[in-house]
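Hi,

Here is the structure I promised to pass on. Have a look at it first, and my notes follow underneath.

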Amino acid sequence: MTITELPFGSWPTSITSESVVSAAVRLGEVRVDGTDVYWSEGRPDEGGRTQIVRRATDGTRTDLLPDGMNARTAVHEYGGAAWWVRDAVLYFVNWADQRLYRIAPGGVPVALSPEPAVPRGDRYGDGAVGPDGATTVAIRESHPVGGRGAIDVRNEIVRLSAERPSQPEILFSGTDFVAAPRLSPDEALLAVVTWDHPSMPWDDTVLRVRDLATGTDTVVAGGPGESVQEPRWQEDGSLLFLSDRNGWWNLHRWTPRGDIEAVIEVGAEIGVPAWQLGSARYAVLDDHRIVFARWRDGYDGLAMRHPDGSVTDLELPFSAIAAVERADQNAVIVVAGTPTAEPGIYRITFAGSSLELETLRAPRDLGLEPTDVSVPEPISFPSTDRTGAPRTAHALYYPPASSRYRGPDGELPPLLVIIHGGPTSQALPVLAPSTQYWTSRGFAVADVNYGGSTGYGRAYRELLRDAWGVVDVADCIAAARWLADNGRVDPRRLAIRGGSAGGYTTLAALARADTPFSAGADHYGICDLEALAAETHKFESRYLDGLIGRYPSERDLYRERSPIHHIDRFRSPLIVLQGSEDAVVPPNQSQMIVDALRERQIPVAYLLFAGEQHGFRRAENIRKALDSELSFYGQVFGFELPAAERIEPVTVENLRNDRGQEHR
């Protein structure tokens, strides 16, 4: 095959914005009911709605939700665990009204929860049908009539009839947050994870067991300095749960006698931060074998704990596991992806010392040659903590990749530094067309796991305590400079991009006089920390206490860390993308930064997407956002876009030259 020389950034590619969304789905939770497997699919080409799919034993797939229904909950705004299934009956929370519904085989949706006094005032999620099949328990998040925003939102555990409409019975309340309500096999006990402001669920949580007959609680684990999650009752009455008491989210067991023992202790993270409800990172097979996912050195993987307590890694290609679910006594179902394939759904069967892998829901075939795919390389590089002391940070580096094009001799590629959201989250080493969209055009990408990211233990996660806007920015700058100093990328064409918390880091990095970045893309990011502290939703309304400091006593620090107060330092062009209905980062955050840059004549482009919330779900908006950002970089860095794609140029106000370097 002939290799053509073209400037980096301008390479034609089959990974267009259309291919990114065409037939794309976001695979979510998976459930097993008898021999049937169920999973959720977020579908951009259906307006971003979440459909529930059932796969029968013969491989037949059936969409279960009728048109107009969307299995998505607004609990904590981020949702998760919006559906569950028992004896072929599906229970789900419908996005439009947030009520809990039931669909029996061949039937129509029937609302089980009452109509709230205020539209979407009662939100349900993270439920399960009780062992007897007659009731279901779930979280209820209530937004009362005339409420004062986050102050008056109540989160509690309720029980409803699993068969007909009923009034919810409150089983647990009194803490700011609740998650993972799980009934014991005899339905006498309720396990629940709780936490209170200002903690987040990856900081300090408490696992409680409530005796439903007496209303008395037993604190199983957790408290200051310990995060507990994913409780699972066992048939013998013991309770498994994940805890980071040893510095890593590992597996432990509690017995009604009050004993706690470590079941799996590894220097890796089994748990993940509970941004969404319903994580499933381990499954118990018969004879006490446990299959679990674990993050180590930036990559995810599967392992097995054997009855004798030994642990072995499973020889599988997966690098990111979204869910692990028990299928039967010798098998699990996983939602997992690899560096060269998007997430799919697989059955893993263990037969003696061997295993069999069956594909239940294959990932898309993007028609790529192996050399078209950029495989991430874990890199570590020197950075500093909030005091300036040296330490090591981490990232996934994606080099440009194409089977048909290369850059000119002597030219280095532009770099996109990507900052994940959260900020307590992580970069995922799995094939993402939205990343390959850039690498296949000649961009290099660094997906940074800055201090505060998950996957490297609690101590690394806590590097961001009181240091947001400092440690994350230092690591992103350090990654860019390290790659430039090592001759991998062009130091004159360094760009930074991120969404939500990553959007804040983007703005904070650009608001430094010594920034190395000559362009930036802010996706629904935060520019004014004071405004966010006053306006955001309940789940994150005290998040900044741990990331910045208490407000208003630390008001000066909030102002110092807010990019909006350092507009005089901005020199580099910026593109801003925002959803009009974002309840997490309100649109006024984007409008403030755009107005300020306009006033100072700094090059800026702004796109407001009507009807979008926190993150873009509709196919047409995902396409527009990608193509507009590419057009922006083309104008700033001075390269042409592939003519065949007919990308509409985005308007960059105040851009008066061919290369944005002059604006630094």
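Let me start with the cysteines. The sulfur of Cys 476 has its closest cysteine sulfur in Cys 527, 18 Å away, so the two are too far apart for a bond. A disulfide would need the sulfur atoms within 2.5 Å. Cys 527 is likewise in no disulfide, with the sulfur of Cys 476 as its nearest cysteine sulfur. The structure as a whole holds zero disulfides. Both of these residues sit inside: Cys 476 counts as buried because its relative accessibility is 0%, and Cys 527 counts as buried at 0% as well. Please keep in mind throughout that this is a predicted model.

Next, a sheet worth pulling up. Four strands form an open sheet in the order E14-E15-E16-E17, with antiparallel pairing. At the edges are strand E14 (177–183) and strand E17 (217–222), each of which pairs on one side only. From one strand to the next, the twist averages 25°. In the middle of that order, strand E15 (residues 189–195) pairs with strand E16 (residues 206–211) in the antiparallel sense, over six bridges. If you want a residue pair to click on, Leu 190 has Arg 210 in E16 as its bridge partner. As a reminder, strands of a sheet pair through backbone hydrogen bonds.

Then there is helix H9 (residues 587–599). How far apart should the ends of its 13 residues be at 1.5 Å a residue? The expected span is 18 Å, and the end C-alpha atoms are 19 Å apart, which agrees. The buried residues in H9 are Gln 589, Ser 590, Ile 593, Val 594, Ala 596 and Leu 597. Looking down the axis of H9, you will see the buried residues fall within an arc of 165°, so they line one face of the helix. The general background is that an α-helix has 3.6 residues a turn, so residues three or four places apart point the same way.

What do the buried residues of H9 pack against? Their partners include two helices, H5 (501–510) and H6 (529–535). Strand E36 (519–523), strand E37 (574–579) and strand E38 (604–609) are also packed against by the buried residues of H9. Just after H9, Gln 601 takes a positive phi of about 65°.

That brings me to the backbone oddities. Most residues other than glycine have a negative phi, and most peptide bonds are trans. Here are the ones I would look at:

- Gly 422 to Pro 423 is a cis peptide bond, with omega near 5°. Pro 423 lies in the loop between strand E33 (415–419) and helix H2 (433–439).
- Tyr 551 to Pro 552 is also cis, with omega near 10°. You will find Pro 552 in the loop between helix H7 (543–547) and helix H8 (555–561).
- Ala 23 has a positive phi, near 60°. Its loop runs between helix H1 (17–21) and strand E2 (26–33), and Ala 23 counts as partly exposed because its relative accessibility is 49%.
- Glu 77 has a positive phi too, near 70°. Glu 77 is placed in the loop between strand E5 (61–63) and strand E6 (83–86).

Over to you now.

Cheers

Key
Residues numbered from 1 in each chain as written. Predicted model: local features only at pLDDT ≥ 70, side-chain atom pairs only at ≥ 80, totals over all residues. Heavy atoms only, no water. Buried < 20%, exposed > 50% of the residue type's maximum accessible area, 1.4 Å probe, protein only. Pairing = 2+ DSSP bridges. Axes fitted to C-alpha atoms, helices over the stretch in contact; angles between N-to-C directions. Expected span 1.5 Å × (residues − 1). Arc of directions from axis to C-beta. Contact = heavy atoms within 4.5 Å.
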